[in-house]
Amino acid sequence: MGKDNTMNLEDLGWDVFFSGEYETVKAPDTVPARVVTIEKDLCHVLTASGELAAQMSGRMRYLAGSVEQYPAIGDWLVVRPLPGEPKATIQAILPRKTKFSRQVSGGRQRIAGGKTEEEVVAANVDTVFLVSGLDGGRNMNLRRIERYLAIARASGAEPVIVLNKVDVCPDIEVHIKEAATIASGVPIHAISATARIGMDVFKQYLGKGCTAALLGSSGVGKSAIINALLGEERLATGAVRQSDLEGRHTTTRRELILLPGGGAVIDTPGMREIQVWGDEQSLDSAFIDISELAKGCRFTDCRHDKEPGCAVREALRRGELDMSHFKSYLKIQRELQHLATRQEGNAAIAEKTRWKQISKIQKRIKKNSEGDW
């Protein structure tokens, strides 16, 4: 970034929502700032006055009960600039409009029944481009797109399917139709970032104050798309292995990149490690066709297994619903159910810890009271 990053907050995505939230928590000598890069525990943020290196205040770090309460790329923060220095302390994170999360655990928490936490990888994303490659191999995978749709729906961002590398694909329309069968109502665009084909479609999603993110496996051309939007070769792009037509990860740091035409795009290696984090509602939004069929089931809690009057099973029998699509639905459903179970376990652990603390306090009060006699 340049030395002078002065700009209007609206260019960074500031709007009425964040302004209202800021008014409720702002403190003297603080300003709003947006996270553009993160390096370990240091956040580089942009304010109306320029760029600052910010760290969480001691109080904020002490009160943070989980990794979900730490800043993420795209977050809007309340920071207190240090006089005469390009530094600031982070006082608070403003509520997020949207968020991409992944499951994290560590140490003893990795054992069965251990604690599963939510880590926010990117926040306040308006549009997420689900990128697939049309150059063969495993880059064009319907099951993977279904998973990305579930992740996008859970985040709250609007999904858009991008089929990249049309310049090396002879069957473009076939792939578009295939994607349409599993993504009802989701826009689908075929482009080539390297050949600059179809790149104008991004203008309708990336304008002043808009933020987008790219989700896709390695080798699909996410970095090439960002370079095309920037108009320069800013990000490294990796060659695709000819043995299996799979790519190598080239993004190594998390970053919110401002685009010359307005808007911003988030590029983060964490997006490739995202697991499904959501609930039944996000699952239904990702598999609209199955959720619509389920409305015709005899029982509202139908599991679409052996229950009588199951409209989903009937659609499978008639060939109106693809079995692979349905199996993908069941797989993600099981993951979400497992996640819900782990979260319930987290809540139980937290409640047990809370009562232990209360018990200790009560014993201490009783001991002190007896001592007075």
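# Briefing: cysteines, a pocket, a helix and selected residues

The count of disulfides in this structure comes to zero, taking a disulfide as a pair of cysteine sulfur atoms within 2.5 Å. C297 is in no disulfide, and the nearest cysteine sulfur, in C302, is 4.0 Å away. The model is predicted. The points below start with the cysteines, then turn to a pocket, a helix and several single residues.

**Cysteines**

- C310 has its closest cysteine sulfur in C302, at 3.7 Å, which is too far for a bond.
- The cut-off for a disulfide is 2.5 Å between the sulfur atoms.
- C310 is buried, with 7% relative accessible area.
- C297 also counts as buried, at 10% relative accessibility.
- Both values fall in the buried class because that class takes in everything under 20%.

**The second largest pocket**

- The second largest pocket holds about 280 Å³ of space.
- Its lining is made up of 13 residues.
- The closest to the pocket centre are I38, K40, Y70, P71 and E119.
- Eight of the lining residues are nonpolar and five are charged.
- No polar residues appear in this lining.

**Helix α4**

- Helix α4 spans residues 172-182, and its buried residues are H175, A179 and I182.
- These three lie on the same side of α4, because they cover an arc of only 60° around the axis.
- An α-helix has 3.6 residues a turn, so residues three or four places apart point the same way.
- The other side of α4 carries the exposed residues E173, K177 and T181.
- In short, one side of α4 holds buried residues, and the other side holds exposed ones.

**D135 and its partner**

- D135 sits in the loop between β8 (127-133) and α3 (142-155).
- D135 is buried, at 19% relative accessible area.
- That value is classed as buried because the limit is under 20%.
- The side chain of D135 makes a polar contact of 3.0 Å with the side chain of K165.

**Positive phi outside glycine**

- D29 is not a glycine, yet its phi is positive, near 65°.
- D29 belongs to the loop between α1 (16-25) and β1 (31-39).
- With 64% relative accessibility, D29 counts as exposed.
- R196 is another residue with a positive phi that is not a glycine, at about 60°.
- R196 is in the loop between β10 (188-190) and β11 (211-215).
- The relative accessible area of R196 is 43%, so R196 is partly exposed.
- D29 is classed as exposed because its value is over 50%, whereas R196 is partly exposed because its value lies between 20% and 50%.

**Buried residues in a helix and a strand**

- S223 is part of helix α5 (residues 222-230).
- S223 is buried, with a relative accessible area of 7%.
- From S223 to E233 the C-alpha distance is 9.1 Å, and the two are 10 residues apart in sequence.
- T47 belongs to strand β2 (residues 42-47).
- T47 is buried, at 4% relative accessibility.
- T47 and L77 are 30 residues apart along the chain, and 9.7 Å separates their C-alpha atoms.

Technical notes:
Residues are numbered from 1 along each chain as its sequence is written. This is a predicted model: local features need pLDDT of at least 70, side-chain atom pairs count only at pLDDT 80 or more; totals for chains, interfaces and linings use all residues. Side-chain values use heavy atoms; hydrogens and water are left out. On a 1 Å grid over the protein atoms alone, a cavity is a set of points where a 1.4 Å probe fits but cannot get out, and a pocket is an open set with protein on both sides within 12 Å along at least five of seven lines; lining residues have an atom within 4 Å of a point. Grid points are joined across faces, edges and corners, and a volume is the space filled by probe spheres set on the points. Ala, Val, Leu, Ile, Met, Phe, Trp, Tyr, Cys and Pro count as nonpolar, Asp, Glu, Lys and Arg as charged, and the others, Gly among them, as polar. Buried means under 20% relative accessible area, exposed over 50%, partly exposed in between (1.4 Å probe, protein chains only). Helices (H or I, at least four residues) and strands (E, at least two) are DSSP runs, numbered from the N terminus. A polar contact is a pair of N or O atoms within 3.5 Å; within protein, one must be able to donate a hydrogen and the other to accept it, and residues adjacent in sequence count only if both atoms are side-chain atoms. The arc is that of the directions from the helix axis to the C-beta atoms.
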